[in-house]
Every structure is written in C-alpha cells, then in structure tokens.
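Subject: Structure handover

Hello,

Here is the structure for you to take over. Please open it first, then read the notes below.

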Amino acid sequence: MQVMPPWCRDVVALGSDAPIPCDRPFSAAEASRLGVDESLRRRLVERGLLRPVLRGVFVVAGVPDSLRLRVAALELIVPEHVVVVDRTAAWLHGVDALPRSAIHRMPSLDVFSTRGSRMRRPGLASGIRDLTMHDTQNLGGLTVTTPLRTACDLGRLLWRFDALSAIDGFLRLGLDHGLLLSEMGRFAGHRGVRQLRTLAPIGDPGAESPPESALRLHWYDADLPPPETQIWVDDDDGLPKFRIDVGDRSARYGAEYFGEEFHDEEKQDDDEARLTWLEERRDWHMDVFTKDDVYGRELEASGRLRRGHLAAVASRPVVIDLSR
C-alpha cells in the first residue's frame, strides 16, 4: 500500500511544500514529472485536496473556479487542430457574449475542430467547423476565431437578442462595420445567415451592454424610426447633463434599461430625479425597462415602446405653416 507523502498527510489544504503548483492548473503529465503519479492524484481528489478542471488537468482545491481558470486549463491540453470559437472566443476578445446563466453556472468552453474529430471532454462544447487561415489568430496559448469571424458566427447562431448584443460588442471593440457587412456574403447557405443579414446592418457600437442591445432590437421590432444610442441632454448652460440609452430626438422619446447592478434601491432616488428632470425640464417622454421586460417570456418591450413613442409624438405641439 502506497504511503501518503508528508505534504498531504493529515492536512485539509495543500501548502507551499507541495511539489505541484498551488496557484494554477497543471496537467497530469506535469504532475507525474513532479512525482505525483496517477494513483496519488486519485487519492488527493478523493480527499478533497485536488479537483479536476478538465479531463487531464487538475488544480489545488483551494483555487477558486473561474472561466479564466478553465481557459488556462484548456491551454495545457488543447491539440493544434482545435480552435476556440463562439461565446468563449468572444470572451477572450473582451466581448460579453456569455449566457446569462453564467452568473449561476460555469459555461462550457466552445472549442471546435478543423479536422474530422471532436474534442470530447466534460466541460467542453465541441464540434467541427470549416475555418480558413484568415478566420483564426493566436491569442495567448490558444488558436481563436478572429473578431470578424466570431461576430459573424454569433450573429448567425445565437438567439437574436443575444446575437445583436454580440455584434454590438465587437463593433464597440473596434471591428469595422463595413467589413462586417461585406463578410456576410460568404455565409450564403449557412445556418442562421438570414438572421445575420438582418442584424448586422443595425449593429451599433453605442450600446454599452447586452440588455441595451436587446432593448434596441425590441425598438426595431416595434417598427419605430431608427433609434439613436447614448443621447446626451444638455443642462441650462449647454453642458451635457444626462444620457439616454436609446431614443428618438425628433419625438423626444427615450427608453432606459435599469439593470440590478447599476440601478439598485440605493440609486432609486437619483434615477427618479433624473427621469423627472428629463420629463419636466426637457419635455422628454421616458420609459424604463428591466430584465423581465427585455428577456422575459412575454417579450412585451416592443409593445410598450410602440405605445410610448405614439404618446410622445401625440404630445408634441402641432406646427402650422402660416406662410402658405
């Protein structure tokens, strides 16, 4: 029977005397080189001192789980023919396209093969995809789809509200809108290309968050005039005072998304004061939308936007041309 080494005997957490890294993922091969063979690794996992991150990659149990940790684990085992795509690629580029469930449950990593075999491991969402050399780039220790290819793929494959937010995110990152529009032609016949053709032209880097992008898509669904994002309204001295998420200047109608993170009870008084000032001092008609309005099952935001815009237009004074 193998005797447990002193550094893991009668301990509740591995310390600095452990021969394996205590602050980052490590592969099974690296652990074996450091003297921690498969049998000992299994016993450390059973005792709760190690945990597997991906198959063949481990981390000391005290290291917090995160998407960054899992990406670092992927770097240790990913074959050359595997490319990081879709939501994970967007995250690596700095665009928030993760599913909303990610705040409760760690999302799978999106990795696709350019050959005829998938990378089948727990924690990975894998498949096969045709990619050219112009579709990929090296990012850290991984091969990742470029911002242009990732924006096109997410614009085709995600739920339309999430797809537009991904497109907006890449435009905000600096992706050229004209380049995105010209790229759509290569996806003729691909799944979701009709959605991409609808959403790419209305992409807007002014949307500052996925819910704002979703709210703007509801605006288009309401068949209203094309909206403007991030509308500044000046104070009496002509200086920018408040900014409206999305709106129509001609009708003085604006829509705001109030997320839980930035519009909690502590900010309620400030939010109400801002809306009151816009409505009473600048004659804007304002509507506020929340997560349930934008993403809920009923998807009622477009109806509210249509009614609000009509009310704003109806409240505008009628100008009669007496010169005729």
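**A small tour, starting with a sheet**

Three strands make up an open sheet, ordered 1-3-2, with antiparallel pairing. Its edges are strand 1 (26-27) and strand 2 (50-54), each of which pairs on one side only. Please keep in mind that this is a predicted model.

Strand 2 and strand 3 (residues 57-60) run antiparallel and are joined by four bridges. Leu50 has Val60 as its bridge partner in strand 3. Leu54 stands opposite Val57 of strand 3. These two strands form a hairpin, with two residues between them. Gly56 sits in the turn and has a positive phi of about 95°.

On the other side of the pairing, two bridges join strand 1 to strand 3, and these strands also run antiparallel. Here Ser27 has Val57 as its bridge partner in strand 3. So Val57 is worth finding on your screen.

**What covers the sheet**

Are the residues of strand 3 buried or exposed? Val57 and Val59 on one side are buried, and so are Phe58 and Val60 on the other. Both faces of the strand are thus covered.

Two helices meet these strands. Helix 2 (residues 38-46) packs on the sheet and touches strand 2 and strand 3. Its direction makes about 105° with that of strand 2. Helix 3 (residues 67-77) lies across strand 1, strand 2 and strand 3. Helix 3 runs at about 75° to strand 2.

**Cysteines**

How many disulfides does a search of the whole structure find? Zero. Cys8 is in no disulfide, and its nearest cysteine sulfur, that of Cys22, is 11 Å away. Cys22 is likewise in no disulfide, with the sulfur of Cys8 as the nearest, 11 Å away. A disulfide here needs sulfur atoms within 2.5 Å.

The burial of each can be stated too. Cys8 counts as buried because its relative accessibility is 0%. Cys22 counts as partly exposed because its value is 27%.

**Two cores**

Which residues touch the most other members of the largest nonpolar core? They are Leu180, Leu215, Phe289 and Leu305, in a core of 41 residues. Several elements give two or more residues to this core, among them helix 5 (147-157), helix 9 (210-221), strand 11 (253-257) and helix 12 (301-315). Helix 6 gives the most, with seven residues.

Take Leu215 as a way in. Not counting residues up to four places away in sequence, Leu215 touches Val246, Ala255, Glu256, Tyr257, Phe289, Val294 and Leu305.

There is a second, separate core of 37 residues. Its members include Met4, Val57, Leu67 and Ala73. In general, nonpolar side chains tend to be buried together in soluble globular proteins.

**One arginine to look at**

Arg316 is in the segment after helix 12. Arg316 counts as buried because its relative accessibility is 17%, and the cut-off for buried is under 20%. What does the side chain of Arg316 make a polar contact with? The partner is the side chain of Asp283, at 2.2 Å. Leaving aside neighbours within four places in sequence, Arg316 is in contact with Ser250, Ala251, Arg252 and Asp283.

Best wishes

Conventions: Residues numbered from 1 in each chain as written. Predicted model: local features only at pLDDT ≥ 70, side-chain atom pairs only at ≥ 80, totals over all residues. Heavy atoms only, no water. Pairing = 2+ DSSP bridges. Contact = heavy atoms within 4.5 Å. Axes fitted to C-alpha atoms, helices over the stretch in contact; angles between N-to-C directions. Buried < 20%, exposed > 50% of the residue type's maximum accessible area, 1.4 Å probe, protein only. Core = buried A, V, L, I, M, F, W, Y, C linked by side-chain atoms within 4.5 Å. Polar contact = N/O pair within 3.5 Å; in protein donor to acceptor, adjacent residues only side chain to side chain.
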